[in-house]
Amino acid sequence: MSNNLNRLFQPKSIAIIGGGAWCEQVIKQSVLMDYAGQIWPVHPKSEEISGFKAFKSVQDLPEAPDAVFIGVNRHATIQLVGELSALGSGGAICFASGFSEAVAEDETGGDLQAELVAVAGDMPILGPNCYGFVNALDGALLWPDQHGCQRVEKGVAILTQSSNISINLTMQQRGLPIAYMVTCGNMAQTTQAQIASALIDDPRVTAVGLHIEGFKDLRDWEALAQKAHAKGVPLVAIKVGVSEQAQQATVSHTASLAGSDAGAQAFLDRLGIPRLRALPDMLETLKLLHCYGPLPDGNIASISCSGGEASLIADMSVGTGLEFPKLTDRQKTALRAALGPMVALNNPLDYHTYIWRDQDAMARAWSGMTGDDVSMTFSIVDYPTTDPIDWTCATHAALKVRADTGARFGVVASLPELMPQDVAAQLMDGGVVPIMGLREALSATRAASNIGAPSTEPVCIPGEIGEVSLVSEAESKAVLAAHGLPTPQNRSVRGADEAAQAAQELRPPFAIKGAGLAHKSEHAAVRLEVMPEDVVATAKDIGTDEILIEEMITGTVAELLVGVVRDPAHGYVLTLGAGGVLTEILRDTTSLLLPASTEDIRAALGKLNIAPLLAGYRGKPGADINATVNAVESVQAYVLANTDTVSEVEINPLLCTPDRAVAVDALIRKA
């Protein structure tokens with residue numbers, strides 16, 4: 001396939017192949033959008049369709065079209081794609097279904113999709129099973145249905161893997177200028193990342209929102225993230241669904257905790273793409289990014305004429321990572337001059353209604369909440385649905401703040417329906433972000449402040465492996481130690497004589513464990529603080545054929561879980577968290593993809609709830625962080641050296657002391 005999608009997305013000529021309501025809608029919607037290019041219906045039996053001359057076949061067209069909507073059945077679609085490719089067409093939308101998405105009902109669908117890709121050759125195709133796209137910049141659209149887009153001079157691009165979601169998003173009434181709406185369909189040939197990469201070549205695109213069901217090609221996504229960052233076009237995403245994991249059963253704590261979504265989250269983090277959980281949040285984030293681009297940090301200020309709203313936004317921000325910095329002396333001086341002595345100055349600020357209707361005074365007060373250490377200032381204003389005339393002063397005050405200060409400023413309606421469409425448009429025209437909903441405002445700000453540079457290190461993509469089995473703890477520790485992981489002195493023994501001999505060779509007290517069990521504590525197969533005289537009896541009581549006897553580690557500051565799970569969809573997922581027997585109760589974890597840098601590992605440890613223990617809590621000594629990071633890197637080194645066989649590795653716990661980090665339990669599953 002040619003990487004150039006410009007002809008398809010910015011066509012000078014459009015051909016519509018097929019009859020019926022769907023194809024007529026493509027023509028109708030193109031006319032309604034004032035498309036200035038050529039429109040060529042193709043139908044073997046019609047003289048004209050929707051007022052345009054119809055051509056009997058694609059060979060009868062005046063020239064190879066830039067973009068084609070193919071609205072016929074799947075078998076005819078394949079034939080037409082081959083003909084269009086031979087003509088040198090710019091690209092096609094394959095509307096028909098019955099390809100790979102229907103394999104469960106028709107096993108021939110996959111073969112038909114492969115045939116479609118083969119005949120397309122270098123000609124780009126979207127789909128099959130695809131609604132197409134709307135280009136609201138040029139009024140060019142191959143879209144067989146209604147939509148809510150309007151012509152814009154610049155705006156955001158939205159790509160979805162759901163045609164119905166895309167239709168709904170075009171109907172948004174939030175003042176968001178949508179430049180492109182693109183559906184991806186089956187992505188038989190052209191991936192979502194490749195589409196996004198083409199769209200950000202258009203300088204009129206200010207930000208991109210992605211509705212993702214699954215990552216098809218990780219390398220395409222890495223290339224997209226690098227390109228978008230270089231161009232300064234921010235990306236945000238809603239990622240839905242779960243990936244298929246390689247493990248056949250949940251053997252380790254890591255697999256249980258990480259789940260199937262951890263890899264997707266870690267991949268988005270690695271790409272520097274914030275993840276949103278709801279469509280309204282994505283739309284409001286795109287709106288903020290369209291106006292101001294990424295935010296430098298999560299420092300916000302809020303001003304409202306009600307203490308209830310001030311308290312509400314303060315409470316809703318808890319746990320978001322957003323901060324309300326204290327007012328500076330400059331801000332206090334400006335606010336006191338605007339509000340007088342009766343208002344208690346805080347952030348968030350309740351400025352009461354003393355200055356309501358005095359738009360100049362309102363603008364001075366609102367301006368007073370802006371500042372160099374504030375990335376986003378919000379004024380909470382709910383416009384009544386009955387008679388909003390008395391709220392015009394708020395609109396003008398907000399516009400004046402933006403004009404006078406140049407600060408990032410938003411007007412937030414606590415209820416989405418209390419932001420009129422005409423007011424939203426007026427605010428947007430003046431560079432003020434109209435945000436519908438307090439929760440949405442916080443979510444958008446958090447996302448906009450979390451856009452980062454993507455990792456330059458490609459993610460490790462695991463290959464296919466065969467059936468896996470569990471490696472003994474002793475062998476697991478031995479191979480990990482060979483890659484630098486510290487482990488206790490230990491002996492693997494069978495029978496009373498070997499147990500007694502080991503007790504003489506090692507330093508007490510001992511940890512004695514039954515071998516061959518994944519979760520030893522659940523089988524009462526771990527005994528601690530065992531002295532030499534009790535070793536034989538303890539081993540016999542545990543009852544497994546093989547026993548592991550090892551020296552105990554003292555001076556523990558914290559117990560960590562260090563686990564790696566092979567995720568075919570995203571790579572190897574490294575999970576760090578609170579370890580020990582309470583791991584799954586605490587559920588204090590964070591995940592990265594391999595390879596992870598020293599800085600990434602250190603930062604991930606700092607995100608854990610137990611990070612204060614590692615740093616030294618309430619006067620107690622902290623852990624040796626360098627030794628802890630080195631231990632994690634040793635596990636990573638083993639996995640990266642054995643990607644052709646490793647399915648899972650877990651250290652639980654890694655005992656962190658003031659001078660070392662030691663793996664006292666290890667599990668490996670490999671082919």
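## Gln 29 and its contacts

Let's start with one side chain's surroundings: apart from residues up to four places away in sequence, Gln 29 touches Leu 141, Trp 143, Asp 145, Gln 146 and His 147. Keep in mind as you look around that this is a predicted model.

Gln 29 sits in helix 2, which covers residues 20-32. Its relative accessible area is 6%, and because buried means under 20%, Gln 29 counts as buried.

## Val 479 in helix 17

Further along the chain, helix 17 spans residues 473-481 and includes Val 479. Here the relative accessibility is 28%, so Val 479 is classed as partly exposed.

Setting aside neighbours within four places in sequence, Val 479 makes contact with Tyr 638 and Ile 668. Arg 402 is another matter: 77 residues separate it from Val 479 in sequence, and the C-alpha to C-alpha distance is 62 Å.

## A four-stranded sheet

Now for the sheet: 4 strands make up an open, antiparallel arrangement in the order 21-24-22-23. At its edges are strand 21 (490-493) and strand 23 (526-530), each of which pairs on one side only. From one strand to the next, the twist averages 20°.

Strand 21 joins strand 24 (residues 547-551) through 4 bridges in the antiparallel sense. Within these strands, you can find Ser 492 opposite Leu 548 of strand 24.

## Helices against the sheet

Helix 17, the home of Val 479, lies across strand 21, strand 22 (510-514) and strand 24, and runs at about 45° to strand 24. Helix 19 (residues 535-542) also packs on the sheet, where it touches strand 22, strand 23 and strand 24. The direction of helix 19 makes about 25° with that of strand 22.

Notes
Residues are numbered from 1 along each chain as its sequence is written. This is a predicted model: local features need pLDDT of at least 70, side-chain atom pairs count only at pLDDT 80 or more; totals for chains, interfaces and linings use all residues. Side-chain values use heavy atoms; hydrogens and water are left out. Helices (H or I, at least four residues) and strands (E, at least two) are DSSP runs, numbered from the N terminus. Buried means under 20% relative accessible area, exposed over 50%, partly exposed in between (1.4 Å probe, protein chains only). Contact means heavy atoms within 4.5 Å. Two strands pair if DSSP finds at least two bridges between them. Axes are lines fitted to C-alpha atoms, for helices over the stretch in contact, and angles run from 0 to 180 degrees between N-to-C directions.
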